[in-house]
Every structure is written in structure tokens, then in C-alpha cells.
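Good morning, colleagues. I should like to take you through one structure today, beginning with its charged side chains and closing with its cysteines.

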Amino acid sequence: MNKLKVKICGLTQAANVAAVSELHPDYLGFIFYPPSPRYISPISAELIKYVPLPLKTVGVVVNEDFQTTKSLIQQHQLKAIQLHGQENPDFCAAIKAENIEVIKAFGVHDSFDFSKLDAYQSVVDYFLFDTQSAGHGGSGKRFDWTLLEKYHLDKPYFLSGGIGPEHAQQIKQITDERLYAIDLNSRFEVQAGLKNVDELEEFLEKLSI
């Protein structure tokens with residue numbers, strides 16, 4: 001299996017961003033969805049463009065309009081955009097045309113229809129599979145990973161939804177070559193938007209990443 005990438009999402013505070021950056025994840029996620037408890041304020045968002053390369057900064061939006069999304073990409077020099085709502089394939093294609101990495105999120109549940117992903121295959125770079133929730137992510141709950149056995153496309157994906165410190169061994173046992181990255185968020189927090197750096201570091205060491 002290829003070396004797993006790591007995305008740490010839902011950061012809101014400058015000092016915490018700096019500390020988490022020192023762990024050298026592959027992606028740092030910032031949530032531009034006002035109802036989220038991890039919503040990054042416009043003032044705090046000014047720090048995003050200073051995140052050092054090669055870390056990729058990801059803007060998470062939910063059912064946002066095209067112009068606002070495009071403005072966020074330009075203003076914060078985002079390297080990737082995560083579409084976490086009901087965005088259609090045409091919208092994904094328009095964002096991808098902005099020369100940015102596109103991650104399309106889907107909430108997975110027992111009756112999730114994986115065939116709906118077919119229309120997105122050519123207009124996104126990655127899928128992200130999260131736990132279905134009314135709040136569009138950040139639920140802290142894990143979905144049944146065996147449901148991904150129904151996933152039939154070759155497109156690589158991020159695994160998200162309630163991944164916590166206790167899941168390192170389970171993740172290491174996943175043999176699906178399409179698993180590109182894991183997404184860490186609410187289970188590694190002191191409070192919403194503030195990550196526990198020590199817990200993250202220990203977890204990444206267990207994963208040998």
C-alpha cells in the first residue's frame with residue numbers, strides 16, 4: 001500500500017496551526033462554513049497563506065456559490081478545495097477549472113448509493129468519505145468502513161469521520177490501494193477548533209507516517 005497522506009482539519013488558531021504544521025501533515029483544512037463550531041473567522045483566515053509549503057491548505061465549503069468559492073481560493077491562496085455539501089458535478093468541474101485540487105465529500109450510511117459517484121469521477125481529484133451527519137462533518141462518529149466494499153471506482157479517496165487515537169492499528173490493516181489519505185478532526189481536540197498536538201504526534205508515530 002502506498003504511504004498514507006494525512007489531513008488535519010478544522011484548525012482555527014494561529015499558534016495551533018504553527019504547532020500542527022511542525023508535525024508535517026500533507027494537508028491542513030480550514031472550514032469556511034459559518035454554522036460549524038470550527039468555522040475560521042475572516043481575521044484568523046489571513047494566516048492561511050503563510051502556511052509553509054509543501055503543506056497543502058484546504059478550504060472546506062458547504063453549498064457555497066461559485067464566486068464566493070473562487071474568491072476564497074484566491075484570497076487565501078488555497079491549494080485544494082473540499083466540497084462538503086450537495087455540489088453537483090458541473091460545480092465541481094467549474095472549480096477544478098480554477099486549477100485547484102478538488103475533494104468532493106460524501107456522507108456514507110447504510111443505504112448510501114455509490115453509483116451517484118460515477119458522474120463525479122472525471123471532475124474531482126479525490127473523494128472524501130465521511131459519516132453522514134446533519135452538520136456536514138465534524139460529528140466525531142465513525143461510519144461502518146466495510147460499506148466501502150461497495151465502492152466500485154478507481155478514484156482515490158480520503159477516509160474521514162470519527163477517526164480517533166484508538167484507530168491507528170485498524171487503519172494500518174486496510175489494504176485498499178485507493179485509500180489515499182486519512183482526515184483527522186474532532187477526535188483530536190482540546191476544544192472545537194483547537195487540536196491536541198501531543199495526541200496527533202503520538203497517533204502519527206503509531207501509524208509510522
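A residue is called buried here when its relative accessible area is under 20%, exposed when that value is over 50%, and partly exposed in between. Please also keep in mind that this is a predicted model.

With that definition in place, let us consider the salt bridges, of which the structure holds 10. I shall discuss several of them.

Lys104 and Glu87 join their side chains in a salt bridge, with 3.4 Å from N to O. Because Lys104 belongs to strand β5 while Glu87 sits in the loop between β4 (80–83) and α4 (89–96), this pair ties together parts that are 17 residues apart in sequence. Are these two residues buried or exposed? Both Lys104 and Glu87 are buried.

Strand β5 takes part in a further contact, this time through Glu101. The side chain of Glu101 meets that of Lys56 in a salt bridge of 2.7 Å, N to O. Glu101 lies in strand β5 (residues 101–108) and Lys56 in strand β3 (residues 56–61), so the pair connects parts that are 45 residues apart in sequence. As for accessibility, Glu101 has a relative value of 12% and counts as buried. Lys56, by contrast, is partly exposed, at 28%.

The third pair to mention is Arg187 with Glu166, whose side chains form a salt bridge at 3.0 Å, N to O. This pair links distant parts of the chain, 21 residues apart: Arg187 is in the loop between β8 (179–184) and β9 (189–191), and Glu166 is in the loop between β7 (157–159) and α5 (168–172). Arg187 is partly exposed, with a relative accessible area of 30%. Glu166 is likewise partly exposed, with a value of 48%. In addition, salt bridges with shared partners bring Arg38, Glu189 and Lys195 into one network.

While we are at the loop between β8 and β9, I would point out Ser186, which is found there. Ser186 counts as buried, because its relative accessibility is 18% and the limit for that term is under 20%. How far apart are Ser186 and Gln75 in space, C-alpha to C-alpha? The distance is 26 Å, and the two residues are 111 apart in sequence.

Let me turn to the surface. Asp198, Glu199, Glu201 and Glu205 form a negative surface patch. One of these residues, Glu205, lies in helix α6, which covers residues 197–207. Glu205 is exposed, its relative accessible area being 56%.

Finally, the cysteines. A disulfide is a covalent bond between the sulfur atoms of two cysteines. How many disulfides does the count give for this model? The count comes to 0. Why does Cys9 not form one? The closest cysteine sulfur to that of Cys9 belongs to Cys92 and is 17 Å away, which is too far for a bond; the cut-off applied is 2.5 Å between the sulfur atoms. Cys92 is therefore in no disulfide either, as its nearest cysteine sulfur, that of Cys9, lies at 17 Å. Cys9 is buried, at 2% relative accessibility. Cys92 is buried too, with a relative accessible area of 0%.

That concludes the presentation, and I thank you for your attention.

Definitions and conventions:
Residues numbered from 1 in each chain as written. Predicted model: local features only at pLDDT ≥ 70, side-chain atom pairs only at ≥ 80, totals over all residues. Heavy atoms only, no water. Patch = residues over 30% accessible without salt bridge, like charges linked within 9 Å, V, L, I, M, F, W, Y side chains within 5 Å. Areas by Shrake-Rupley, 256 points an atom, 1.4 Å probe, with all protein chains shown as cover. Salt bridge = Lys/Arg side-chain N within 4 Å of Asp/Glu carboxyl O. Lys, Arg positive; Asp, Glu negative; His and termini not counted. Charge placed at Lys NZ, Arg CZ, Asp CG, Glu CD. Helix = DSSP H or I, 4+ residues; strand = E, 2+ residues; numbered from the N terminus. Buried < 20%, exposed > 50% of the residue type's maximum accessible area, 1.4 Å probe, protein only.
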